[in-house]
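Trainee: Before I plan anything at the bench, I would like to learn how to read a model like this one feature by feature. Could you take me through it?

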Amino acid sequence: MTSGTYNYKLFARSDFNAFWALFTDNLVNLLILSGVCQFVFQMPAEIVYGRIVPGAAIAILAGVVVYTYLAKWAANKQGKDVTALPYGISTPVMFVYLFGVIGPIYWATQDPLLAWQVGIGAGFMGGIVAALGAIVGPFLKRITPRAGMLGTLCGIALVFIGSVPLAEIFENPIIGFTSLLFILWGLIGRFRLPGNIPAGLVAIGAGTVIAIILGESKFDVSGIGFYPPVPYFGDMIAGIQYLFANPELFLVLIPVQIYNFIETMNNVESAEAAGDEYPVGLCQITDGTGTMIGALFGSPFPTTVYIGHPAYKRMGAHAGYTIGVAVVIAAAAFLGFLSFLAGLIPIAAAAPVLVFVAVSLITNTAWAVKPMHMAAVSFAVLPHISAFLMVKWGSLMNALRSAGVEGLPSLGDEGLTAALLMEGAHFEGHLALSQGAIVTGLIWGAIVADVIDGRFRMAGGFAIAASVMSSIGIIHSYTMQAPQFDGITGGYLIIGAFLYLYPLIAPKEDLENRIIVPDEPDMMDDLPGQQA
């Protein structure tokens, strides 16, 4: 099909349903980051709602323009309707910027203005790193098994996008269950609601109405005003100068942005698995550029292609849903409605939409990979469970301190670590797995998938690459470091060496024939020469 021959409509009726799902995702992220900045880091409302939120809106607008054009280009190239890539603030990386960059500056200086300046400086520099991912992104996408890329996304979806909102539903069940009912009915069950009303809209609306009746919503119009987006070049330069004066912050920043451009790569692969092909390198440049534009206009937080394209594809969305979200988010940001919406819409009403996005991604992965590769997907999920545990353990310690408990040891204290081990809580192992979980999940998913396919040398290459990344702190470490040899690095080398050498010494019949373990399901029926 030649370019320019297909009549692609940017807007379709199905975009309305998808709009509410993506809008909820973006809205929740903006509510979280604004709440943490205002109430944890003591940033005044003028910075939070006058600079950060409008800057984030500008970044989202800029990216949506590109992804709308890409959707039209892809439709013309493929000769069919496509769904535009969802886009917004990266959820995992947002938390790292909050508590790994902005937080340490605030806690060390008690200066919220400086913390914000360093944040936007870090955002701009991080955007450069993310855009440079375009150099290696297409190569990584070509050599990495789909199971590895989609499996690590499933881990994020399972523990952060699915389980946390589900817990919020059960914390407020009257509101949450009501909203969840409409998501089950209209989005998961795929039944048409009366009048063909979008299920996402009904879910959020019903939950909000109940919250108003129960007195759990509030109408706070004090923050409404006009907050035009303004470039903060001087503040950004001040933040960058602070970064170069304290280069240890780059040791957090660089690995995080590596995770970000890999997240983009994985999400583009997820879209391809759902039937829509996009150029991964251009998407990584777009995400990096969007992050830099957002930083210039006051937002420290990186943007990325979102998890969840298969869900929006399933709804039949075109590009209108992303355009609508960008316009509404921008209007809410520039007019100060975000604080109003934060009081009006309860989290429990929006949470079911996020649960649907997570479930849809995991379900689509099961259809998009070979059945025998589900072992690789499962392996790729596991590091994210460790990441989830570390986040919650940290939250528990902070909650105990806030409750007035004195003399608490910090996480990582030798005595506490030993006591946790006695209780069966393997702190050190979960800590190692949690650091760089996105990359770790991708690597282990790739290793397992390549071993299943008999591509031992490729699997060995991933293990050796992991040993290098581990030695310099890209994975299994909080910060980058000079190369060092430890047990994890050595373990990767052992696996890599064996997998690389095995095809050279193994009998030919062992490579050509598989012996399936008795009483275990045989999902390798497409492989020749199996023996029961």
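The dialogue below goes from confidence and overall form to helices, cores and single residues.

Trainee: What should I know about the model before I read any detail?

Mentor: This is a predicted model, in which local features need pLDDT of at least 70 and side-chain atom pairs count only at pLDDT 80 or more, while totals for chains, interfaces and linings use all residues. Residues are numbered from 1 along each chain as its sequence is written, and side-chain values use heavy atoms, with hydrogens and water left out.

Trainee: What pLDDT does the protein average, and where is the pLDDT below 50?

Mentor: The pLDDT is the predictor's confidence in each residue, from 0 to 100. The protein averages 86, and 94% of the residues score at least 70. Over residues 527-532 the pLDDT is below 50, although this stretch has 16 contacts in the model beyond near neighbours in sequence, a contact being heavy atoms within 4.5 Å. Where pLDDT is low, the predicted coordinates should not be read in detail.

Trainee: How does the radius of gyration of the protein compare with that of a compact globule?

Mentor: The radius of gyration is taken over C-alpha atoms, and the globule rule is 2.2 Å times the number of residues to the power 0.38. For 532 residues the rule gives a value near 24 Å, and the protein has 24 Å, which agrees. Along the principal axes, the C-alpha atoms fill a box of roughly 75 × 60 × 45 Å. Among contacts between residues at least 6 apart in sequence, 81% join residues at least 24 apart.

Trainee: How many helices and strands does the protein have, and what percentage of its residues count as buried?

Mentor: Helices (H or I, at least four residues) and strands (E, at least two) are DSSP runs, numbered from the N terminus, and the protein has 21 helices and two strands. Buried means under 20% relative accessible area, exposed over 50%, and partly exposed in between, with a 1.4 Å probe and protein chains only. By that rule, 54% of the 532 residues count as buried.

Trainee: What span should a helix have, and what do α1 and α10 show?

Mentor: The expected span is 1.5 Å times one less than the number of residues. The 25 residues of α1 (residues 15-39) should span 36 Å, and its end C-alpha atoms are 35 Å apart, which agrees; for the 17 residues of α10 (residues 280-296) the expected span is 24 Å and the end C-alpha atoms are 25 Å apart, which also agrees. As for cover, 22 of the 25 residues of α1 are buried, while α10 has twelve of its 17 residues buried, so it is largely enclosed by the rest of the structure. Among the buried residues of α10 are C283, D287, M292 and A295.

Trainee: Which residues touch the most other members of the largest nonpolar core?

Mentor: In soluble globular proteins, nonpolar side chains tend to be buried together. A nonpolar core is a set of buried Ala, Val, Leu, Ile, Met, Phe, Trp, Tyr and Cys residues joined through side-chain atoms within 4.5 Å. Of the 139 residues in the largest core, M43, Y278, F301 and Y312 touch the most other members. Helix α2 (residues 45-78) gives the most to this core, with 15 residues. A second, separate core of five residues includes I175, I210, A211 and A349. Leaving aside neighbours within four places in sequence, M43 is in contact with residues including C37, I52, I102 and W116.

Trainee: Which residues other than glycine have a positive phi, and are they buried or exposed to some degree?

Mentor: Most residues other than glycine have a negative phi, and most peptide bonds are trans. Q42, in the loop between α1 and α2, has a phi near 55 degrees and is partly exposed, with a relative accessible area of 45%. H476, in the loop between α19 and α20 (487-505), has a phi near 60 degrees, but H476 is buried at 14%.

Trainee: What does F99 touch, and what does S467 contact?

Mentor: F99 is found in helix α3 (residues 91-109) and counts as partly exposed at 38% relative accessibility. Not counting residues up to four places away in sequence, F99 touches V36, F41, P104, W107 and Y478. S467 lies in helix α19 (residues 456-472) and is buried, with a relative accessible area of 3%. Leaving aside its neighbours within four places in sequence, S467 is in contact with T489, Y492 and L493.
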